Every structure is written in C-alpha cells, then in structure tokens.
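Visitor: I'm new to this structure and would like a close look at a single part, the place where the two chains touch. Could you walk me through that, and then show me what lies around it?

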Amino acid sequence: MTRAKLTTEGWFGKAVAGTVLGFILAVLASALFAWFGPGGILAGAGKTQFNMWLVGPVWALVLSFVFMFRRTRDAWLYLGLTSVVLAAVYLAGRWLIVSVPA
Amino acid sequence: MIRTDIVRTYRKIHGWVGIVCGLFLFIAFYAGAITMFEEPVQRWAATPPALPAPPPLDESGLLIDAVLAQQPESARNWRLHFETGPEAPARISWPAEILDDDDHAATPAIFGAALDENGVLVVERVDSAPVAQFIDVLHQQVGLPFPHEWAMAVTGAVGLLYFLALVSGVITILPSLVADLLQFRVGKNLKRMWLDVHNALGIFSLPFHLVMALTTIVFALHDPFYAVQNQVIYDGDIGAQWAQARPPAGKAAECTDLLAPDQLHQRIRQQAPGFTPTIAEYRSAPDGSRVLRVQGYDARYQMRGPTFGIAGADPCTGELIQTEYLPGHQSGWAAVITSFFALHFGSFGGDAVRWGYFILGMAGALMFYAGNLVWIESHRKRARRELPDPQQDRSSYFLGSLSIGVTLGCVAGISTTLAAAPWLPGLVTDAAAWHRYLYYAVFLGGTGWAFLAGPARAALHLLWFAALATATLAITAFVTAGGTAGSGWTIGAVALSGATGLAYAAIRTGRRIHTGPPDSIWSLQTTK
C-alpha cells in the first residue's frame, strides 16, 4: 500500500491549527521551562525574559512544520493532544510543588 | 533523501508566503540597514544650538548647580554628557514640556544649558534630529504608518511568515543544494539567474535571517507574550518577577552632594575598564532618593541597546550597583538575552560589525526583491515562433508594478526625507511630521505611478528618480558636512555610491525595455 502524497490541500486549516495550537503549545512549553527548567520559577528577572523569548521560536517552528501533517484533521488532533498532555504535566507539576513539602 | 512530495509542498508554500511578506521585509531590511548609520545621521542632522561651548568635565560643577537651581523641571531627570559633540552639544540636558500659547497642548522637548563668559546660564532646545527616529520606526513597523500597537501586530505576523518562508525555502533548495549553490547562471534564462541570486543570498546569510526572523517575532509581540504568561505562569503577579532585578532598597543615594562629574567618570572607568561612559542620567524617585544610570559602549562585548549598554551606579560614590546590562559584566540569563538583542542590532564589535550588518541588510532586501522577480519569471508565457507574442497575465503585471513601486518608492522616499533633514528644522515647526509626509508622499507617489505607467516604464522612471533623490542626499550631505565630525562625508559617500548604482541600473533598464525579450512585462516593444 502506498501512502498518500503530501500536498498543500487543506493548507488553510493547517495554518490555523499551527497558529492557534502552536501558540498554546509555545506558552505551555515556556511555562514548563519557567517552573521546572534550570533555576525554577525564581531564577531572577533574566530568566523571566528568557521564558518570554521561548514563545516565539516554538510558535514559529510549529507553524512551519504543521504542513507536514497529511490531513488538516491530523494537525488539530495531534497538536491538540500534545497541548492537553503538556497542560496536564504542567498542572500536575504545579500541584506537586504546592502539596509535597520539599 | 528528502521526499519529493514534501519538497513540492513546501516550494508552493514558500512561493505564496514570500509574495505575501516579501515587500514588507524589503522595507524593513532597507530601512534597517540605514539604521546602522543612526549615530552618523544624528551627528550630521543635528541643528547647532546657540549655546556657549560646554565646559570641561572637571569644571562642570558650577553649571550643574546653576541648572538645578534655576530650572526646576531638570531636578526630576537630567543627563550629564561625558562626551559632547554635534549630536550632544551641551554638557547637561533635561526633558521638559513646552506649553503652547493657551497653556494646553504640551510638546515634549529636550533642553541643554551652558554658562556664558559672565557666568550667566544660557538655555536652548537641544532635541536630537527626528530623522533617525523616523527611519527606525519605519523599520520596526515594516513601513506602515499605523498606530504603533497595530503596526507591531502586523510586524509580528510578518516575522512568523518570514520564519516559515526560511524553513520552506531551505526545504525547497535542499535536494539541489550542492549542485546549485555556487552556480550563477547569468544569461538568457532570467528565472534561473534571479533564482541563483535569491538562493545564494538566502543560504549564505541564513543564520542572519534566522536571527532576524526569531528576534522580530519577539520584539513585535513581547507585550502580548508577557500578558499571556502573566496569567498562565505567574498567576497574575509578574511584578514579583521584575522585583528580583532591582538593587536592594535603601542602598541608593543618601548624600547631599553628588559625586563630581570627573570623579564619577574616573570611578566608572576604574570599575569597568574598557567601558566608555557617554551619559550619566540622574533621576529623582518620588520618595526623594536619587537613582543614577550610566550609558556607554564597549566594542568588545555585546550590548543590550543598539549603540550602548547600561549600568546602575550610586550617585554619591559612583559605585556600580546594577551591572545586569553592563557589557562584559553580565551573567547567566541576562547575558543570553543581551546576545539576542545584540545579534539583531549588530551592537557588538563596533563599526566593523555595523558595516557588516549594513551589507547583510542590503543583501537581504535584494533577496526579497529577487524573490518577487523569480515569481514573475516563473509565470511568464513564452513567445513561440510564427505565433504572435503572448499576453502576460494580469497578475504578473500587478506584481511587477507593486514590486517596482514599493521597493523603489521606499528607496527614493528614504533618500528624500534624509536629504531634507538639515533644512526642515528651519522651515517648519514639526520636523518629525514633515519627515513622515515627505517619505509617504514619495513612497505612495512612486507606487501609484508604477501602476499607472506599468512595470516596464515605471521601473525606468523610478530608478532615475531614486538615483536623483539619492544624489541629492549625497550633495546635501557634502555641502553640510562641516562641523559634523566627518559624519556628513560618510553619509555623502554612501549615498553617492547608492546613487551611482541606481543610475547604472536605470541605464540598463532603459536598454532592456527596447532591446530585451519582447515576451515580458519588462518590455515596451510592440508584439510582432
């Protein structure tokens, strides 16, 4: 069985998925880095800026490679699932910090 | 090997994304390249105020006392200039507002002062020439005269598309990279030739372009990014994050006498060898405490600002208390962030890097222009023997006119508004507004003419016009070069070589419309 070839069909839906979910993914990635990356949440104002700088590259990368999804539905599905997983990890991590004494 | 269907998909994406954002990026790159001359332009375009010469640094105490005593507005915020010159004619300056006749509309202004031979305080406006700022804003707002927030949203979107264009462009060229890279097939096949130019410029300056794309997204959209992160990450209290950076409270300024200017200069240089302080800015906080920020440069390190780094110092002792933005004294995260800024601004390595960035910026503008030409050539309908020449698509004519009008309109507009810089302050009250009017009149006029006259004729007219405007700038700069510490000569020389290049292109274009292939939007020959 040959796999369907990649085309630009459905480019608009993919672009919207890349823009919307790409932004959500980027913010979640920066949130994980801010809290659980080197130094944690109180590593100084320099890191606060670095956290913000992370949003741009992640967003741009997702938007750039979203067209690799063969179908628009796949783009929404997989990027959506990744967002849900990252959000769950983030919330669980925040909860652990609050409820488990260091 | 990369799959051909992926390459084909991304080639298509590259074409459309390039068409959408290419001309915005041309303006951003051309204007951005000119901003590399910010300091020479400031020096050249400055209007000399009627002030006595600034006193030497070690004799500035009297002047400072006189200003603080007689000019109450200066107490809140004033600057001591370690380096004076055409762009900073006074030893001391401060911002204040000028009220109009009805005491209503307040215009912000900068005042400077000096003592005359009788020891009487002389105060004059010393605002910097607005033209450099105008070109910087043009660069930041990709040429759009919109309110800043709206324009930055567009710039952010252009930045994202720009990154997508880079990724898709690299994927497109990957299969033929080795074969195509060092080939310049100059000749009959114009599409091939422009494509070679476009690819070579893109691949060789790819790191520069990646840096520009990513920093542009963040520069344009940092406010919304922080706003969202404030809710998602910092639970609405991002202020607590910033408070980590401030020096411990109570440390600042508990003295009656400020450290004398020459001693301050000496203390800073002792603590930060290699750093050349240019400006000391004193501010009074609402609680009465005084804060001192020192600006300066150090070509050995990356700097946070386009031409300077900053340090916080104790105004009583000159001790450096905040070195997070001091070149060479940064650590950890702040140093990383500064490198992002410095890589965008070219603010490291001094003038050599600035010239390099000027050339890279001009090359980038040429790459975007070449990209549009490739699009036009790849939609070209070829003439066949025995058959009448084909009519080119309207879309090709449209894009041809748009590309010619926007690019040459921008070039001519910037030259015109720069050439006006030495004269405007003497002719109009609001020079900043007139720089805007002049640029947009030329830019919109050029773009309009490109559509009226068609791409072939307009290319010729606008090239000559841009050459003329740029030659006018060169002559203006040479004529007014006296007393600009050489800046007028630099600007004149750069403008003269620009004008020569434009004139050469105009001569070649004039030949092309009569003798070039007639099956082209660039030809004026009647069909056979």
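Guide: Let's start with one pair of helices: helix 2 of chain A and helix 5 of chain B are oblique to each other. Keep in mind as we go that this is a predicted model. The two helices pack at an angle of about 55 degrees, and their axes are 9 Å apart. That angle is neither under 35 degrees nor in the 65 to 115 range, so the pair counts as oblique. As for handedness, helix 2 of chain A passes helix 5 of chain B in a right-handed crossing. If you want to find the spot on screen, helix 5 of chain B covers residues 148–173, and helix 2 of chain A runs over 45–65.

Now zoom in on the residues. On the chain A helix, look for A:A60, A:L63 and A:S64; they meet B:L160, B:F163, B:L164 and B:V167 on the chain B helix. Sort the residues of this contact by kind and you get six nonpolar, one polar and no charged.

There's another helix pair to visit. Helix 1 of chain A, residues 11–36, and helix 8 of chain B, residues 206–232, have axes that come within 10 Å and cross at roughly 60 degrees. These two are therefore oblique to each other, and their crossing is right-handed. Here A:V27, A:S30 and A:A31 from helix 1 of chain A meet B:V228, B:Q229 and B:V232 from helix 8 of chain B. This contact divides into four nonpolar residues, two polar and no charged.

Step back and take in the whole meeting of the chains. In total, 27 residues of chain A are in contact with 31 residues of chain B. On chain A's side, the elements that give two or more residues are helix 1 and helix 2. Helix 2 of chain A gives the most, with 15 residues. Taken together, the chain A side that touches chain B holds 15 nonpolar, 10 polar and two charged residues.

From there, let's wander into chain B. The largest nonpolar core has 133 residues, and B:F26, B:I27, B:Y30, B:L462 and B:A466 are those with the most contacts inside it. Helix 15 of chain B, residues 431–479, gives the most to this core, with 21 residues. Pick out B:F26 and leave aside its neighbours within four places in sequence: it is in contact with B:A365, B:F368, B:Y369, B:V406, B:T407 and B:C410. There is also a second, separate core of 31 residues, which includes B:I64, B:L80, B:I268 and B:L320.

Two glutamines round off the tour. B:Q140 sits in helix 4 of chain B, residues 131–140. It has 20 other C-beta atoms within 10 Å, so B:Q140 counts as buried. Measure along the sequence and B:Q140 is 112 residues from B:A28, yet in space they are 6.8 Å apart, C-alpha to C-alpha.

B:Q330 lies in the loop between strand 8 (320–322) and helix 11 (332–345) of chain B. With 22 C-beta neighbours inside 10 Å, B:Q330 is buried too. Not counting residues up to four places away in sequence, B:Q330 touches B:T323, B:E324, B:Y325, B:A335 and B:T338. As for B:T515, it is 185 residues from B:Q330 in sequence and 61 Å away in space, C-alpha to C-alpha.

Technical notes:
Residues numbered from 1 in each chain as written. Chains lettered and ligands numbered in written order. Predicted model: local features only at pLDDT ≥ 70, side-chain atom pairs only at ≥ 80, totals over all residues. Axes fitted to C-alpha atoms, helices over the stretch in contact; angles between N-to-C directions. Helix = DSSP H or I, 4+ residues; strand = E, 2+ residues; numbered from the N terminus. Parallel < 35°, antiparallel > 145°, perpendicular 65-115°, else oblique. Left-handed = near helix turned anticlockwise from the far one by under 90°. Contact = placed C-beta atoms within 7 Å. Nonpolar A, V, L, I, M, F, W, Y, C, P; charged D, E, K, R; others polar. Buried ≥ 20, exposed ≤ 12 C-beta atoms within 10 Å, placed from the backbone. Core = buried A, V, L, I, M, F, W, Y, C linked by C-beta atoms within 7 Å.
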